[in-house]
Amino acid sequence: MEKLINEYSQGYQMLREATDGLSEEEFHFQPGSTKWSIHQILIHVADSELVSTQRLKKVLAEDEPLLMSVDQNAWASVLRYEQLDREQHLLLFKMLRSSMLPILEQLTSQQWERIGVYADAGHFTFKQLLEYRVEHVRGHIRQIERVKKNYIQRL
């Protein structure tokens, strides 16, 4: 579990490194009409972390709680991600991850196996949910790298 917690704790730094030195034009470049800009990806990652932190805490505190999915494209569109403050959202992401670390570091083996239930996807252990949080950042860093390449290729 130590390796999982360590990578979870590095999420903010990983996002910063992936976007270090980008211009505002690069942050806002969209590789297609339905594709997200790096700016939008970062807002999404923070919003997703906000929702997921609540889910993680529910799983630890409640018996087999119902976990709700969100429509990420609706959030991006209706909440106008392009107009939101990227730095505030990155700070929110950092604070959410930091706030979970003391909890993660003292979990018992039984707590890692606690269950949350998605109506649309079934049962997941706390460990599986945390693994998904780590993979979520990894996946979006790969997406950021693709957008950066698309930006360069269009020049």
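## Exercises on a predicted model

Leaving aside neighbours within four places in sequence, Q143 is in contact with W36 and I41. The coordinates come from a predicted model, and the exercises below start from this residue.

**Exercise 1.** Determine in which helix Q143 is found, whether Q143 is buried or exposed, and with which side chain the side chain of Q143 makes a polar contact.

*Solution.* The first step is to place the residue, and Q143 is found in helix α8. The second step is to take its relative accessible area, which is 18%; because buried means under 20%, Q143 counts as buried. The third step turns to polar atoms, where the side chain of Q143 makes a polar contact with the side chain of H140 at 2.6 Å.

**Exercise 2.** Describe how helix α2 and helix α8 pack, and state which residues make the contact.

*Solution.* Begin with the geometry: α2, covering residues 11-19, and α8, covering residues 126-154, pack at an angle of about 5° with their axes 10 Å apart. Since angles under 35 degrees count as roughly parallel, α2 is roughly parallel to α8. Next, list the participants, which on the α2 side are G11, M14, L15, A18 and T19, and on the α8 side V137, R138, I141, I144, E145 and K148. Finally, sort them by class, which gives six nonpolar, two polar and three charged residues for the contact of α2 with α8.

**Exercise 3.** Locate V59, decide whether V59 is buried or exposed, and find which residues V59 touches beyond four places in sequence.

*Solution.* V59 has its place in helix α4, which spans residues 38-61. Its relative accessible area is 0%, so V59 is buried. Not counting residues up to four places away in sequence, V59 touches P65, L67, R114, I115, G116, F126 and L129. For a distance across the chain, take V59 and I5, which are 54 residues apart in sequence and 17 Å apart in space, C-alpha to C-alpha.

**Exercise 4.** Work out in which sense strand β1 and strand β2 pair, and how many bridges join β2 to strand β3.

*Solution.* Strand β1 (residues 66-67) and strand β2 (residues 115-118) pair in the parallel sense over two bridges, and L66 stands opposite V117 in β2. On turning to β3 (residues 122-125), one finds that four bridges join this strand to β2 and that the two run antiparallel, with Y118 standing opposite G122 in β3. The last step is the connection, a hairpin that joins β2 to β3 through three residues.

Methods: Residues numbered from 1 in each chain as written. Predicted model: local features only at pLDDT ≥ 70, side-chain atom pairs only at ≥ 80, totals over all residues. Heavy atoms only, no water. Axes fitted to C-alpha atoms, helices over the stretch in contact; angles between N-to-C directions. Parallel < 35°, antiparallel > 145°, perpendicular 65-115°, else oblique. Contact = heavy atoms within 4.5 Å. Nonpolar A, V, L, I, M, F, W, Y, C, P; charged D, E, K, R; others polar. Buried < 20%, exposed > 50% of the residue type's maximum accessible area, 1.4 Å probe, protein only. Polar contact = N/O pair within 3.5 Å; in protein donor to acceptor, adjacent residues only side chain to side chain. Pairing = 2+ DSSP bridges.
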